[in-house]
Amino acid sequence: MTIATEVLRQSVVVFSKNYLPVSRVNIKRAIALLVTGKAEPLDFTSGKGIAVHSPSVVLLVPEHIRLTITDRERVWRVPPVNRREVLRRDKHTCQYCGSTKHLTLDHVIPRSKGGKHTWDNVVIACERCNSRKGDRTPQQAGMTLRTQPKAPMHPTVAFSEQFWREQQVNLERQEI
């Protein structure tokens, strides 16, 4: 792999006009946003950037850019509770044993016991664990959930949380 293709694989964090981390874009998209005036550089660190060379110019692309245009916020709705979305949320893994084979939907509190078909009551379980649990709660069956089920969050909020978590880890590393 050449250095030129290595540079093109790098990415830049994009912030909204309100300084909310929105997404990560590839270097080509970041350059297009900067050149067209739709974004401006942000300098959170020591002014590091990614040097992009053309035949006549060396462009220093910052690691963080801020959008200067105001765009209506896209409406995002919580997806419906269905097999595909629950599989995605639970990463195609049984929430009781960790298996990735023969997966089914399981209601944590069984519907016969008043449990609802909602994001915080539906998980992915393998057929074996689902049969073992039966018409009982995980506590009654002596089983524990690997993660607490919850509704998916807005992609921007999820990206923002991950970004600030990474920034905190980087700060802690620098202090050591």
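**Reasoning from values to terms in a predicted model**

In this predicted model, strands β4 (residues 49–53) and β5 (residues 58–62) pair in the antiparallel sense over five bridges.

Q: What makes β4 and β5 a pair of strands?
A: Two strands pair if at least two bridges are found between them. β4 and β5 have five bridges, so they satisfy the rule for pairing. One of the partnerships joins Ile50 to Val61 in β5. The two strands form a hairpin, with four residues between them.

Q: Why is Ser160 called buried?
A: The relative accessibility of Ser160 is 9%, and buried means under 20%. Ser160 therefore counts as buried. This residue belongs to helix α6 (residues 155–175). Neighbours within four places in sequence set aside, Ser160 is in contact with Leu20 and Pro21.

Q: Why is the pair of Phe15 and Phe163 called edge-to-face?
A: A pair of aromatic rings is described by the distance of the centres and the angle of the planes. The ring centres of Phe15 and Phe163 are 5.3 Å apart, and the limit for a pair is 6.5 Å. Their planes stand at 85°, whereas edge-to-face requires over 60 degrees. The pair is therefore edge-to-face.

Q: Why does this pair tie together parts that are apart in sequence?
A: Phe15 lies in strand β1 (residues 11–15) and Phe163 in helix α6, so the pair joins parts 148 residues apart in sequence. Both Phe15 and Phe163 are buried. Ring pairs also link Phe15, Phe163 and Trp164 into a cluster. The count of aromatic pairs comes to three.

Q: How do you know that Arg66 and Glu40 form a salt bridge?
A: The closest N and O atoms of Arg66 and Glu40 are 2.4 Å apart. A salt bridge requires a side-chain nitrogen of Lys or Arg within 4 Å of a carboxyl oxygen of Asp or Glu, so the pair qualifies. Arg66 lies in strand β6 (residues 64–67) and Glu40 in strand β3 (residues 39–42), so the salt bridge ties together parts 26 residues apart in sequence. The count of salt bridges comes to seven.

Q: Are Arg66 and Glu40 buried, partly exposed or exposed, and why?
A: Arg66 has 13% relative accessibility and therefore counts as buried, the limit being under 20%. Glu40 has a relative accessible area of 28% and is therefore partly exposed, a term that extends up to 50%.

Q: What makes Lys133 and Asp106 count as buried?
A: The relative accessibility is 1% for Lys133 and 4% for Asp106. Buried means under 20%, so both residues meet the condition. Their side chains meet in a salt bridge, at 3.4 Å from N to O. Lys133 lies in helix α4 (residues 127–133) and Asp106 in strand β7 (residues 103–107), so this pair ties together parts 27 residues apart in sequence.

Q: Why are Asp135 and Lys113 called partly exposed?
A: Asp135 has 42% relative accessibility and Lys113 has 47%. Partly exposed covers what lies between under 20% and over 50%, so the term applies to both. The side chains of Asp135 and Lys113 meet in a salt bridge of 3.4 Å, N to O. Asp135 is in the loop between α4 and α5, and Lys113 is in the loop between β7 and β8, 22 residues apart.

Q: Which residues are joined into one network by salt bridges that share partners?
A: The network consists of Arg84, Glu85 and Arg88.

Technical notes. Residues are numbered from 1 along each chain as its sequence is written. This is a predicted model: local features need pLDDT of at least 70, side-chain atom pairs count only at pLDDT 80 or more; totals for chains, interfaces and linings use all residues. Side-chain values use heavy atoms; hydrogens and water are left out. Buried means under 20% relative accessible area, exposed over 50%, partly exposed in between (1.4 Å probe, protein chains only). Contact means heavy atoms within 4.5 Å. Rings of Phe, Tyr and Trp (its six-membered ring) pair if their centres lie within 6.5 Å; planes under 30 degrees apart count as stacked, over 60 as edge-to-face and the rest as tilted.
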